[in-house]
Amino acid sequence: METFPILFIAFLSIGCCILSNNIVNATHFGITRHYKFDIKLQNVTRLCHTKSIVTVNGQFPGPRIVAREGDRLIIKVVNHVQNNISIHWHGIRQLRSGWADGPAYITQCPIQTGQTYVYNFTIVGQRGTLWWHAHISWLRSTLYGPIIILPKRGVPYPFPHPYKEVPLIFGEWWNADPEAVIAQALQTGGGPNVSDAYTINGLPGPLYNCSAKDTFKLNVKPGKTYLLRLINAALNDELFFSIANHTLTIVDVDAVYVKPFEADTIIITPGQTTNVLLKTKTNHPNANFLMMARPYVTGNGTFDNSTVAGILEYHYPKPSPSIKKLPLFKPELPALRDTSFVTNFTNKLKSLANSQFPANVPKHVDKNFFFTVGLGTNPCPKNQTCQGPSNTTMFAAAVNNISFVMPSKALLQAHFLHQSQNVYTTDFPSSPLIPFNYTGTPPNNTMVIDGTKVVVLPYNTSVELVLQDTSILGAESHPLHLHGFNFYVVGQGFGNFDPKKDPAKYNLVDPVERNTIGVPAGGWVAIRFLADNPGVWFMHCHLEVHTSWGLKMAWIVEDGKLPNQKLPPPPSDLPKC
Ligand code: C2O
């Protein structure tokens, strides 16, 4: 601890030099990179509200992690705040390093005040953009940051080398304390208050009151290619994003290359990342350009109907014209509920599927699962009036009508020690117990079943999972995130999944590979993955309100027979509950 300041400077200098391609330590086996995350309070002002927020190292958004494919990351997290903390490395496969995955009460007990936990994992077979965030309650509203994974040294991108790379991380800003917002919602059974602004790199931009000075500006030169690393870290909103008068080329999603395609606007759900190339105009345009993001809306709930804007500014040689006098162009974003835009966009995402980057889609399936995802209700406690869909009910959400109850001990420890009793049961249903017309008139009984249930998979099971949205309390798009794996999105459609007809239309050649997928509102999506990673893996809606309501479950992948197919024992500093 005491030697830390010196070490930290060394670590910073590693971080700072990677993007400028100055790594001294050249080895294709990857290097070890150390980071220290001090979780501490920091005063931050946005929209004229000053708040003390939970941060990493006092930074908001949090620090960037920069590494290359094949590198080992050692991140020491020290909790100096009153809240319990855990950090998740969203999208990192965590091959045989499940103890470092981070979701509280799933792979670890939270790091308590004054305690430390060292996350230790290696980046295998991934390059692109991922991100890290707190994985407990709603603390990720301020605890988040990019993970930039460069290709191995000397390995080029499969697209023109960008002149510069810029992470753009979308977030949500609350004037209130998000922890109080969700606590109140869970108490009353009603929908939580919505955020006050969206942000780009922590800045709401000029379309909000008292915010013009907090505007993200991207200063560019003409005739260059920029790689924008887009991350949606918002809590509850899928976002459309566009830059006026510029076209984006999508080249990578969730740290997997895709076949490049052009679009004026992209859609990105919470949890997803998208790398895009931005070609600037060949000549100085004598204008400035807004980049804007605002929500794509599907459900019936209230939402933050505001727009974050940043400015794309061309850098002028001196004497430069006054920036203020230049015309400012605005992009045109799709309508709030433009589902056909979203369908059209997501249908364009395809794996590269070439010899260097093959799409290893499981061709045969060992085990089929059919999960409904959607909302439901729990009864209001006696002697209380609730603010759910009625005053006798509270909002809930569920997978196959099971609303996940957080255990009080971490599942992974219980599994590893063979002490599942009173922690979890292994009877998560592989299909709905009571089938119904999922996207038709909803059933009268909307009550969910509460429980901590998991699915157990033998090592190397080839899984097909169909995620079916329900119309209970309104059809809604749900960005489902699976920990520990990437999956292939082999099919999607609207209405109820038809097991006789729909599989014939699957794409098993070049489906997109990712870790978070939007289940279409009133539709379904089919994914496939190989359960080759022993451990306990969380799967949940990345709309934080739905996760809080129980739209989550876990998979246990058993050890394989060979030594390198087993989960190693936990590190000695694994936090205790
Ligand atoms: Cu990005 Cu389980 O989370």
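**Exercise 1. Find which residues Leu-457 touches, leaving aside its neighbours within four places in sequence, and say whether Leu-457 is buried or exposed.**

Step 1. Leaving out neighbours up to four places away in sequence, Leu-457 is in contact with Phe-369, Val-463, Phe-529, Ala-531, Trp-555, Ile-556, Val-557 and Glu-558. Contact here means heavy atoms within 4.5 Å.

Step 2. Place the residue: Leu-457 belongs to strand 25 (residues 454-457). Helices (H or I, at least four residues) and strands (E, at least two) are DSSP runs, numbered from the N terminus.

Step 3. Take one partner, Ala-531: 74 residues separate it from Leu-457 in sequence, yet the C-alpha to C-alpha distance is 7.3 Å.

Step 4. Leu-457 counts as buried because its relative accessibility is 1%. The scale is: buried under 20% relative accessible area, exposed over 50%, partly exposed in between (1.4 Å probe, protein chains only).

Before going on, know your model: it is predicted, local features need pLDDT of at least 70, side-chain atom pairs count only at pLDDT 80 or more, and totals for chains, interfaces and linings use all residues. Residues are numbered from 1 along each chain as its sequence is written, and side-chain values use heavy atoms, with hydrogens and water left out.

**Exercise 2. Decide whether His-483 and Lys-325 are buried or exposed.**

Step 1. His-483 sits in the loop between strand 27 (478-482) and strand 28 (487-494). With a relative accessible area of 0%, His-483 is buried.

Step 2. Look at what surrounds His-483: not counting residues up to four places away in sequence, it touches His-88, Asp-101, Pro-103, His-135, Trp-537, Phe-538 and His-540.

Step 3. Lys-325 is also a loop residue, between strand 19 (308-314) and strand 20 (328-329). Its relative accessible area is 72%, so Lys-325 is exposed.

Step 4. For a distance to try in the viewer, go from Lys-325 to Phe-494: they are 169 residues apart in sequence and 48 Å apart in space, C-alpha to C-alpha.

**Exercise 3. Describe helix 2: its buried residues, what they pack against, and its two ends.**

Step 1. Helix 2 covers residues 178-188, and its buried residues are Pro-178, Glu-179, Val-181, Ile-182, Ala-185 and Thr-188.

Step 2. These buried residues pack against strand 2 (49-56), strand 22 (393-399) and helix 5 (544-549).

Step 3. At the N-terminal end, Asp-177 acts as a cap, with a side-chain oxygen 3.0 Å from the backbone nitrogen of Glu-179.

Step 4. Just past the helix, Gly-189 has a positive phi of about 85°.

**Exercise 4. How many salt bridges are there, and which residues form some of them?**

Step 1. Start with the rule: a salt bridge is a side-chain nitrogen of Lys or Arg within 4 Å of a carboxyl oxygen of Asp or Glu. The count by this rule is 12 salt bridges.

Step 2. One pair is Asp-38 with Lys-36, at 3.4 Å from N to O. Asp-38 is buried at 12% relative accessible area, and Lys-36 is buried at 5%.

Step 3. Another pair is Asp-214 with Lys-213, at 3.6 Å from N to O. Here Asp-214 is buried at 11%, whereas Lys-213 is exposed at 67%.

Step 4. Arg-528 also forms a salt bridge with Glu-464, with 2.9 Å between the closest N and O atoms. This pair joins distant parts of the chain, Arg-528 being in strand 31 (residues 523-531) and Glu-464 in strand 26 (residues 461-469), 64 residues apart. Both Arg-528 and Glu-464 are buried.

**Exercise 5. Describe how domain 2 and domain 3 meet.**

Step 1. The chain is divided into domain 1 (19-157), domain 2 (165-347) and domain 3 (367-565), with bounds from an automatic or database domain assignment.

Step 2. The C-alpha centres of domain 2 and domain 3 lie 29 Å apart, and 30 residues of domain 2 are in contact with 30 residues of domain 3.

Step 3. Together the two domains bury about 2200 Å², 52% of it on carbon and sulfur atoms. Buried area is the accessible area (1.4 Å probe) that two parts lose on being put together, summed over both. Thr-188, Gly-189 and Asp-254 supply 18% of the area that domain 2 buries against domain 3, more than any other three residues.

Step 4. Between domain 2 and domain 3 there are 2 salt bridges. Asp-510 and Lys-259 meet in a salt bridge through their side chains, at 2.6 Å from N to O.

Key
Polar contact = N/O pair within 3.5 Å; in protein donor to acceptor, adjacent residues only side chain to side chain.
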